[in-house]
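Subject: Structure for you to look at

Hello,

Please find the structure below. My notes on the ligand shells, cavities and aromatic rings follow it.

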Amino acid sequence: MGIKINALKCTNCMACEMVCSYHRDDGFAFLSACIVAYRAREKKDYFGVLLKEEDVLIVARPEGLEINKIGEEADPDKEADASAKPMLLREGCDFCEDMDDYGPMCVAFCPVDAITLD
Amino acid sequence: MEYLSTDKILVIDLNAAQVEEEELLESLVEEKIGGIGIAKYLYEKYENDDPIVIGTGLLTGTTYPASAAGGITAKSPVTGSVCHCPVIYKLGVEIKYSGFDYIVVKGRSDSPVYLWIHDGVADISDASDVWGKDVWESTDELRKFVGDDLLQTMLIGPAGENGSDYAQVCYNHWSSPDRFGFGKLFGAKNLKGLAFRGMGLIEVAEPEDYVERSLEILKQVKENSFLEKKGLGQILTALGEEGVSDWIDPVTHRHSADYFTPYASNTALFLDEDPGLLEESKKEEPGVLVSDIYALLGFKNVGLSVKDAGHALKACAKYGIDPFAVAQLSGKTTLEEIKDSFDSINGEITIPGSGLFTPWCPTGPIFNDFNLSGKDEIMAWWERRQAVSMIFGIQPMFSLMCPELTEENMLELASLGTDLELTQEILDAVIDDILG
Ligand code: SF4
Ligand code: SF4
């Protein structure tokens with residue numbers, strides 16, 4: 001099972017980030033999300049989604065997917081985002097295994113179906 | 001107030017340079033619910049100090065679809081009475097998570113200041129480094145200063161500092177729904193604006209039920225066929241302005257949404273860059289994000305090319321002036337003349353209905369008809385819908401599109417989220433109080 005992100009479909013709404021954090025915190029927050037709508041390059045209208053899995057950081061950019069092994073140097077020309085650093089300290093995606101009624105929360109709540117199960 | 005709330009109201013006295021906190025009492029929520037229901041109460045409480053009340057809705061920043069909005073409540077320099085301007089994009093949510101449900105700014109500062117609000121802490125900070133700078137420079141500078149690119153700002157530019165009637169409070173780099181000249185009010189208080197960042201946690205009384213019902217409502221919302229569309233152009237087409245979509249197409253980059261809002265109503269225009277570019281632009285300022293359909297239409301109607309219209313919108317956002325007022329009142333027809341006219345914009349724009357809500361939002365339903373007919377019925381529905389959206393914190397444009405977001409299910413979620421019994425009778429009374 002894997003999470004598939006279509007960054008071109010994504011509208012940068014942050015729903016995935018909210019519900020991912022909710023599944024860990026049991027309250028509303030963005031703190032613990034392992035999926036993040038990156039949005040710091042707003043003047044350039046450049047946005048996509050970051051997903052932390054156990055040992056890789058997936059950057060779903062509009063131009064394509066990039067998979068970085070955590071611990072290895074990322075391409076300096078393609079610095080992910082201000083959101084990437086705190087992500088590294090968070091727990092990786094567990095596919096919401098504790099959310100029996102929903103399955104992966106980010107898939108269930110993405111309003112435009114930009115996230116699907118592989 | 002334990003749930004769906006930070007429990008805190010911030011009261012900032014600019015005269016005395018003092019910051020105080022008040023508890024948000026559960027009894028106040030039981031009586032006024034939230035958003036502009038409580039903001040109006042706070043406005044009246046501090047009325048003698050000409051306050052600006054910034055707040056969020058009771059559902060803002062949760063899993064209820066489109067729970068993106070906050071609001072600014074103050075006396076408008078344009079209308080002379082109390083008005084409510086929605087806070088959109090991701091700013092409404094950031095306000096709540098920065099640690100305060102409501103912020104009352106009263107009095108006037110002796111020297112330029114901005115308010116830095118983060119993680120439950122508020123500072124009145126010297127704004128001399130950003131006073132005189134435009135909205136974009138100021139936002140960039142504050143982000144650099146704080147070292148956080150995700151800082152969300154609510155700032156004025158030169159228009160507000162110079163006391164222009166149509167000075168607008170801008171959100172991050174972008175124009176806002178402010179048609180009320182709130183930028184002039186900020187400027188008169190020597191207030192450059194506010195910067196927010198927050199990592200808070202909002203507790204929910206019945207989290208599982210709240211989230212489950214949210215998803216059920218979201219699923220109903222997603223049945224709407226209009227969600228296959230995106231952007232400003234499609235909204236204008238639905239409102240009968242057929243030509244705009246084709247007109248902006250050649251410069252349209254991407255569309256983005258406000259927090260958790262299923263329709264992407266913000267459209268980025270690339271003016272100095274290939275709109276088909278998928279990679280990150282190497283240019284610092286390739287374009288402008290547009291949320292104001294009538295400002296865009298206004299610049300089209302004065303005869304500007306789409307690129308010049310985009311440049312005019314960008315210039316307005318930097319200067320911190322309402323682009324709709326500029327298009328409507330400048331009487332100019334070229335980009336250069338329009339840019340030169342900012343300091344002399346005056347005259348009247350029409351604020352519909354009882355003048356409480358911004359005509360940044362179309363004054364009727366979008367994409368769906370909500371079974372309405374007749375001008376009066378539509379206007380009464382529109383005012384009520386705006387009030388409801390700004391009580392609960394729902395993106396006010398999306399609530400004009402989506403019949404599945406009902407007063408009933410907003411109340412249901414508010415009750416689930418807070419453990420209070422919030423009824424239709426209470427909501428009716430709050431709306432009556434707001435609409436007068
Ligand atoms: S599947 Fe669950 S844990 Fe994984 S990214 Fe989605 S919401 Fe987060
Ligand atoms: S929920 Fe979907 S549209 Fe929203 S930010 Fe996540 S991937 Fe993008």
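A residue counts as buried when its relative accessible area is under 20%. Phe28(A) has a relative accessible area of 0%, so Phe28(A) is buried. Tyr22(A), at 2% relative accessibility, is buried as well. Please keep in mind that this is a predicted model.

Aromatic rings

A pair of aromatic rings is described by the distance of the centres and the angle of the planes. The whole structure holds 18 aromatic pairs over all chains. In one of them, Tyr22(A) and Phe28(A), the ring centres are 5.8 Å apart and the planes meet at 40°. Planes under 30 degrees apart would be stacked and planes over 60 edge-to-face, so this pair is tilted.

Phe109(A) and Phe260(B) make an edge-to-face pair, with 6.2 Å between centres and 70° between planes. This pair crosses between chains: Phe109(A) belongs to helix α3 of chain A, and Phe260(B) to the loop between β12 (252-256) and β13 of chain B. Both Phe109(A) and Phe260(B) are buried. They are also part of a cluster linked by ring pairs, together with Phe30(A), Tyr102(A), Tyr97(B) and Tyr259(B).

Two charged side chains lie over ring faces. Arg254(B) is over the face of Phe47(A), 3.9 Å from the ring centre. Lys318(B) is over the face of Trp136(B), 4.9 Å from the ring centre.

Ligands

Ligand 1 is surrounded by 14 residues, and the closest are Cys20(A), His23(A), Cys93(A), Cys96(A) and Cys106(A). Two elements of chain A, α1 (15-25) and α3 (105-109), give two or more residues each to this shell. Helix α1(A) gives the most, with 3 residues. By class, the shell of ligand 1 has 11 nonpolar, 1 polar and 2 charged residues.

Around ligand 2 there are 14 residues, of which Cys10(A), Cys13(A), Met14(A), Cys16(A) and Cys110(A) come nearest. That shell has 12 nonpolar and 2 polar residues, and no charged ones.

Cavities

There are 6 cavities of 30 Å³ or more. The largest has a volume of about 280 Å³. Its lining consists of 23 residues, and those nearest its centre are Asn12(A), Glu42(A), Lys90(B), Trp174(B) and Leu289(B). Strands β2 (35-41) and β3 (46-52) of chain A, and β13 (266-270) and β14 (287-290) of chain B, give two or more residues each to the lining of the largest cavity. That lining divides into 9 nonpolar, 6 polar and 8 charged residues.

Regards

How values were computed
Residues are numbered from 1 along each chain as its sequence is written. Chains are lettered from A and ligands numbered from 1 in the order in which they are written. This is a predicted model: local features need pLDDT of at least 70, side-chain atom pairs count only at pLDDT 80 or more; totals for chains, interfaces and linings use all residues. Side-chain values use heavy atoms; hydrogens and water are left out. A residue is near a molecule or strand if one of its heavy atoms lies within 4 Å of it. Helices (H or I, at least four residues) and strands (E, at least two) are DSSP runs, numbered from the N terminus. Ala, Val, Leu, Ile, Met, Phe, Trp, Tyr, Cys and Pro count as nonpolar, Asp, Glu, Lys and Arg as charged, and the others, Gly among them, as polar. On a 1 Å grid over the protein atoms alone, a cavity is a set of points where a 1.4 Å probe fits but cannot get out, and a pocket is an open set with protein on both sides within 12 Å along at least five of seven lines; lining residues have an atom within 4 Å of a point. Grid points are joined across faces, edges and corners, and a volume is the space filled by probe spheres set on the points. Rings of Phe, Tyr and Trp (its six-membered ring) pair if their centres lie within 6.5 Å; planes under 30 degrees apart count as stacked, over 60 as edge-to-face and the rest as tilted. Buried means under 20% relative accessible area, exposed over 50%, partly exposed in between (1.4 Å probe, protein chains only). A charge sits over a ring if NZ of Lys or CZ of Arg is within 6 Å of the ring centre and within 35 degrees of the ring normal.
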